[in-house]
Amino acid sequence: MITPRHGAIALAILLLVTLPVWVGNHYYINIASQILLFAVFALALNVLVGYGGLVSLGHAGLFAIAGYAGALVLQAGHGHLAADLFAILVTLAASAVFAVLALRSTGIGFLMITLALGQIVWGIAYRWASVTNGDNGINVTTRPAPFGLSLSRADTFYYATLLVFLLAVLTMTVFVRSPFGASLRGTRDQARRMTALGYNVWLIRFLAFLFSGFWTGIAGLLFIYYNQFISPQVAALTGSAEVLLMVISGGTATLLGPIAGAAIVVIMKNVVSAYIERWNLVLGVVFVVIISFMPEGLVPGSVRLCRWGWQKLRARRNGVAARPAEEPSP
Amino acid sequence: MSVWVLLAVNSIALGGLLFLLSAGFSLIFGLMRIPNLMHGSFFMLGAYFGVTFLDKGLNFWLAALLSGLAMAVIGGVIERLLLRRLEGQVLPQVLLTLGFAFIIGDLCLMIWTGDPWQPATPRHLAGAVQAFGIFFPLFRLVIVGVAVVVAIALWLMVDWTRLGAMIRAGVDDPPIARVVGIKVSRLFTLVFCLGAALAAFAGVMGAPYLSVYPGLDFEMLPLALIVVILGGTGSLLGALVGSFLIGFLYNFGQAMFPDLAYVILFLPMLLVLVLRPQGLFGRVVA
């Protein structure tokens with residue numbers, strides 16, 4: 001059965017696949033690649049934040065671990081396949097360590113522990129210069145060429161990213177609809193009841209963390225291939241905050257939300273950086289504005305604010321006629 | 001031999017500084033359960049205020065007090081106008097305080113530029129004291145002394161005064177505390193201001209020793225965090241012990257394993273989390 005929803009999805013995929021054709025310019029194709037790779041990252045974090053109710057502020061650490069692991073193996077002269085596999089394994093192991101420690105607690109405790117763990121990764125990347133090259137970072141000289149197709153061009157890289165992105169969306173859809181996804185939402189809403197029903201709440205959260213870590217690692221690899229460079233800046237708290245902003249600005253616990261959020265944040269960052277050097281300031285102000293005025297997320301929030309403003313405007317325009325009706329008669 | 005003694009003195013001094021920083025964090029995060037991610041920013045902004053006052057020729061202690069006062073006002077305004085509306089909502093509180101941390105960090109970079117500021121140690125606190133045939137830098141001892149005084153004052157306040165009893169009552173059971181006539185909301189604002197002021201005061205005390213530079217905020221925040229997690233949330237004694245533990249680990253780690261000093265710092269926190277999640281001196285919350 002074909003519903004309008006299917007039509008919309010088909011149209012979106014069609015638009016994404018033909019994007020390099022109708023965009024043309026390399027600069028914009030690269031921005032589209034950036035949006036897609038950060039969308040993968042945001043989708044991964046959303047597993048924990050949206051569906052698990054576990055807010056992590058250390059995901060930039062996992063993202064950077066994948067990036068550094070891949071970059072280091074490549075630097076040692078090994079192939080791309082070995083580097084990618086190694087990076088994913090290391091990221092999964094790191095996710096397991098993060099999860100075991102952070103899941104000692106939930107709520108604020110979870111958040112603070114992940115923050116501290118993320119800072120450890122940053123500290124290692126920054127201070128352990130003999131391995132990570134410190135602030136100078138590591139260059140990734142080549143992009144992979146799967147099946148003889150070089151990804152060094154903007155459009156081929158875009159297609160590779162799109163493929164990974166679609167795979168991520170697909171697995172997320174399956175995950176959300178699976179019994180496991182339902183049980184994760186159960187641990188978010190009613191942890192005690194889930195325990196009473198015989199579910200192992202800890203294990204569900206642990207596996208969700210690994211799932212999130214896996215896609216974070218994939219996103220981290222895409223990132224080093226896109227940028228061809230990694231430095232401690234990637235692991236900084238700003239990185240974790242940015243991806244969290246992507247998740248909450250689009251609306252948590254939805255599939256489309258983090259994707260829209262990634263698009264908003266990446267576009268905003270590129271536009272802002274073109275004019276002023278104050279990205280952190282803008283990021284902070286956006287956080288404060290979202291929390292204070294549109295707690296439901298940037299997209300639904302702006303719609304509501306616009307509607308509210310429009311109604312005010314209209315009420316003022318024909319105010320004389322409208323007002324007496326609203327006021328209760330004495 | 002004397003190298004180790006000097007290292008130990010430095011460790012104690014850093015511990016004192018960390019206590020000043022994390023005592024406020026312990027009040028705000030441990031007692032009031034507000035995940036205040038701007039605490040490092042309070043420290044840094046306070047330090048910048050301090051160096052500016054010192055630059056104007058103010059007395060060191062006056063500069064530290066004024067900076068604390070200014071930060072109390074800023075913290076109070078943020079708490080009263082924004083944080084208060086998010087009572088009990090962890091994620092929005094985190095995002096709001098994180099947002100302000102970024103704003104404060106970037107504003108500091110704009111105003112005080114990216115160069116580090118290191119005020120000279122005040123003249124009457126410079127120099128060294130000789131004891132047991134070893135010279136100890138006076139200023140570091142002063143930091144420890146101030147930390148001990150603050151620790152005792154806070155302990156007396158929280159555990160032995162009417163105000164402290166009201167704060168504890170407000171934390172344990174806000175509705176009942178309100179019923180018996182305690183203005184919990186006003187009290188919490190007061191505690192938040194106190195925590196912010198302590199962080200700023202610590203920033204000024206630390207300025208001649210650590211210097212002030214961009215990024216100091218997010219370097220100090222995790223330190224306050226590990227001290228509080230280590231010591232147990234809400235426990236001042238825990239914060240004190242945790243501070244000195246971290247002070248020692250930091251200095252000795254830096255001397256012995258310079259590459260991994262930052263990691264060593266977090267090891268006790270991880271150990272405590274695994275073995276004793278409520279922290280060394282934390283209460284088990286039912």
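Colleague: How many of the 286 residues of chain B count as buried?

Modeller: A residue counts as buried if 20 or more other C-beta atoms lie within 10 Å of its own. In this predicted model, 50% of the 286 residues of chain B meet that description.

Colleague: And why is chain B said to be as compact as a globular protein of that length?

Modeller: Begin with the elements, since chain B has eleven helices and two strands, which run from the N terminus as α-α-α-α-β-β-α-α-α-α-α-α-α. The radius of gyration of chain B is 19 Å, close to the 19 Å that the globule rule gives for 286 residues, so chain B is as compact as a globular protein of that length. Along the principal axes, its C-alpha atoms fill a box of roughly 60 × 45 × 35 Å.

Colleague: What span should helix α3 of chain B have, and what covers its buried residues?

Modeller: One compares an expected span with the distance between the end C-alpha atoms: at 1.5 Å a residue, the 22 residues of α3(B), residues 60-81, should span 32 Å, and because those end atoms are 32 Å apart, the two agree. Among its buried residues are Phe60(B), Leu66(B), Met71(B) and Ile78(B), and the cover over the buried residues includes α2, α4 and α8 of chain B.

Colleague: Where does α11(B) bend?

Modeller: The bend, of about 25°, is at Leu267(B), and Pro268(B), a proline, follows within four residues. The buried residues of α11(B) include Tyr262(B), Phe266(B) and Leu273(B), and what covers the buried residues includes α5 and α6 of chain A together with α9 and α10 of chain B.

Definitions and conventions:
Residues are numbered from 1 along each chain as its sequence is written. Chains are lettered from A and ligands numbered from 1 in the order in which they are written. This is a predicted model: local features need pLDDT of at least 70, side-chain atom pairs count only at pLDDT 80 or more; totals for chains, interfaces and linings use all residues. The expected span of a helix is 1.5 Å times one less than its number of residues. A residue is buried if 20 or more other C-beta atoms lie within 10 Å of its own, exposed if 12 or fewer, and partly exposed in between; C-beta atoms are placed from the backbone. Two residues are in contact if their C-beta atoms, placed from the backbone, lie within 7 Å. The bend at a residue is the angle between axes fitted to the seven residues ending there and the seven starting there. The radius of gyration is taken over C-alpha atoms; the globule rule is 2.2 Å times the number of residues to the power 0.38.
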